[in-house]
Amino acid sequence: MRRITRIATVGIASAALALSATACGGKSSSDSSSENGGKVAIAYDIGGRGDQSFNDAAYAGLVKAEKDLGVDGTEAEPTEGEGDPDKVQRLTELARAGNNPVIGVGFAYAPAIAEVAPKFPKTTFGLIDDTSKTGKNIANMVFNEEQGSYLAGVAAAKVTKTNTVGFIGGVETPLIKKFEAGYVQGVKDTKANVNVKVQYLTQPPDFGGFSKPDLGKAAAQGQLDAGADVIYAAAGLAGSGSIEATSKAGKWAIGVDSDQYNQKGLAAYKNAILTSVTKDVSGAVFNVIKSVEDGKPQSGEIRYGLEQNGVGLAASNPAYTKLTDVTAAVDKAKAAIIAGTIKVKTAP
């Protein structure tokens, strides 16, 4: 029986030692096809596994690959405040150990993958959320986040009673600005007089806005105090703090990346999660692993949008599906985006 092995890197000086300390076993696969698959690895973004969002979506793809393809999976965790040399060391060790593909979860891995990939030309490197670094053995898995966020804006504008909604971004980067742009446009196209409060938790090079729930909680409370009754947070683990504050205030939260209504770690607040902007990160991870297993490794830009169901709006909360005027407006907007009638901005 194959097992996912979870490893942690604790700085470049001791990275090799940490990568050899594979003490924590993860989720077991079924026995089916367990002798057929190769070794694969994912290196998590800031916040690590357990963020109930981006990293957990990647983990779900690894679990599916382990079960369906019989691969032997390894997970590698980031450390707070780490730099590119730490990521280079991590990816190098994962590739040297025979993992193929090696997947960097998040744009922060772009410089490291650009440095490491040429040294392992027979290994496929998956890079999620970035197209700035390319190569023959790099698969750039990217998403039209602005499209899903537009739909969230439509829903927010339809349900707000105060005509004030909020957006919280973890870190003010071009990627997260895409979420903001789509959301604000969706709100304004639906109801022009709605006020959208926008706040970012940190600025680069401080990426703590993706990993600190207390920052998300405080930002959400500030927006709630200012009258917001719907808050959309694109902030990784910090978004869980926003959801907590919004739930306790009896207002609507909109989740991100994963269907956060179904995340066990957010079960106490699930009834307040109106919907979530989903990215099929799990599908992207599975697809790149399968491509290597099939002997036809993906490379170059692989884009996931509304048309491919690569982004979307979750409908798990029964309270959301009962709001038929909201779901009808969202469905109409989705069809218009796919048809090209609505052009969604990628920057505010």
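1. Does Asn163 count as buried, partly exposed or exposed, and at what relative accessibility? In this predicted model, Asn163 counts as partly exposed because its relative accessibility is 23%, and the partly exposed class lies between the cut-offs of 20% and 50%. The residue sits in the loop between helix 5 and strand 8. Its phi is positive, near 60°, although Asn163 is not a glycine.

2. A second asparagine deserves mention beside it. Asn309 also has a positive phi, near 60°, in a residue other than glycine. The loop that holds Asn309 runs between strand 13 (300-304) and strand 14 (311-313). Asn309 is exposed, with a relative accessible area of 55%.

3. On the overall architecture, the protein chain contains 11 helices and 14 strands. Of its 348 residues, 58% count as buried. Among contacts in the chain with a separation of 6 or more, 69% are accounted for by residues 24 or more positions apart.

4. The largest nonpolar core has 65 residues, and the members that touch the most others are Ile128, Tyr183 and Ile289. Leaving aside residues up to four places away in sequence, Ile128 touches Phe54, Ile103, Gly104, Val105, Gly106, Phe107, Met141, Phe143, Val281 and Val285. Another core, of 18 residues, lies apart from the largest one; Ala41, Ala112, Phe120 and Leu127 are among its members.

5. Two of the residues named for the core recur at helix contacts. Tyr183 is one of the helix 6 residues that meet helix 5, and Ile289 belongs to the helix 9 side of the contact with helix 2.

6. Helix 5 (residues 145-159) and helix 6 (residues 174-190) pack with their axes 6 Å apart, at an angle of about 40°. That angle makes helix 5 oblique to helix 6. The crossing of helix 5 past helix 6 is right-handed. From helix 5, the residues involved include Glu145, Tyr150, Val154 and Lys158, which face a set in helix 6 including Leu175, Phe179, Val187 and Asp189. By class, the residues of this contact comprise nine nonpolar, six polar and five charged.

7. Helix 8 (residues 239-248) is mostly covered, with nine of its 10 residues buried. These buried residues are Gly239, Ser240, Gly241, Ser242, Ile243, Glu244, Ala245, Thr246 and Ser247. They pack against strand 8 (164-171), helix 7 (213-225), strand 10 (230-234), strand 11 (252-257) and strand 12 (273-279). Gly250, which follows helix 8, has a positive phi, near 75°.

8. The packing of helix 7 on helix 8 may be described further. The two helices pack at an angle of about 40°, with their axes 6 Å apart. Helix 7 is therefore oblique to helix 8. Helix 7 passes helix 8 in a right-handed crossing. On the helix 7 side, Pro213, Gly216, Lys217, Ala220, Gln221 and Leu224 take part, and they meet Ser240, Gly241, Ser242, Glu244, Ala245, Thr246 and Lys248 of helix 8. The contact has four nonpolar, six polar and three charged residues.

9. Helix 2 (residues 54-69) and helix 9 (residues 281-293) form a further pair, whose axes come within 7 Å and cross at roughly 40°. Here too the crossing is right-handed, helix 2 passing helix 9. Helix 2 contributes residues including Phe54, Ala57, Leu62, Asp68 and Leu69, while helix 9 contributes Val281, Ser282, Val285, Phe286, Ile289, Lys290 and Glu293. The residues of the contact divide into 11 nonpolar, two polar and four charged. Three residues of this contact, Phe54, Val281 and Val285, also appear among those touched by Ile128.

10. Two cis peptide bonds should be checked when the backbone is inspected. One joins Asn100 and Pro101, with omega about 10°; Pro101 lies in the loop between helix 3 (84-96) and strand 5 (102-104). Another joins Pro204 and Pro205, again with omega about 10°. Pro205 has its place in the loop between strand 9 (195-202) and helix 7.

Note on methods
Residues numbered from 1 in each chain as written. Predicted model: local features only at pLDDT ≥ 70, side-chain atom pairs only at ≥ 80, totals over all residues. Heavy atoms only, no water. Core = buried A, V, L, I, M, F, W, Y, C linked by side-chain atoms within 4.5 Å. Buried < 20%, exposed > 50% of the residue type's maximum accessible area, 1.4 Å probe, protein only. Contact = heavy atoms within 4.5 Å. Helix = DSSP H or I, 4+ residues; strand = E, 2+ residues; numbered from the N terminus. Axes fitted to C-alpha atoms, helices over the stretch in contact; angles between N-to-C directions. Parallel < 35°, antiparallel > 145°, perpendicular 65-115°, else oblique. Left-handed = near helix turned anticlockwise from the far one by under 90°. Nonpolar A, V, L, I, M, F, W, Y, C, P; charged D, E, K, R; others polar.
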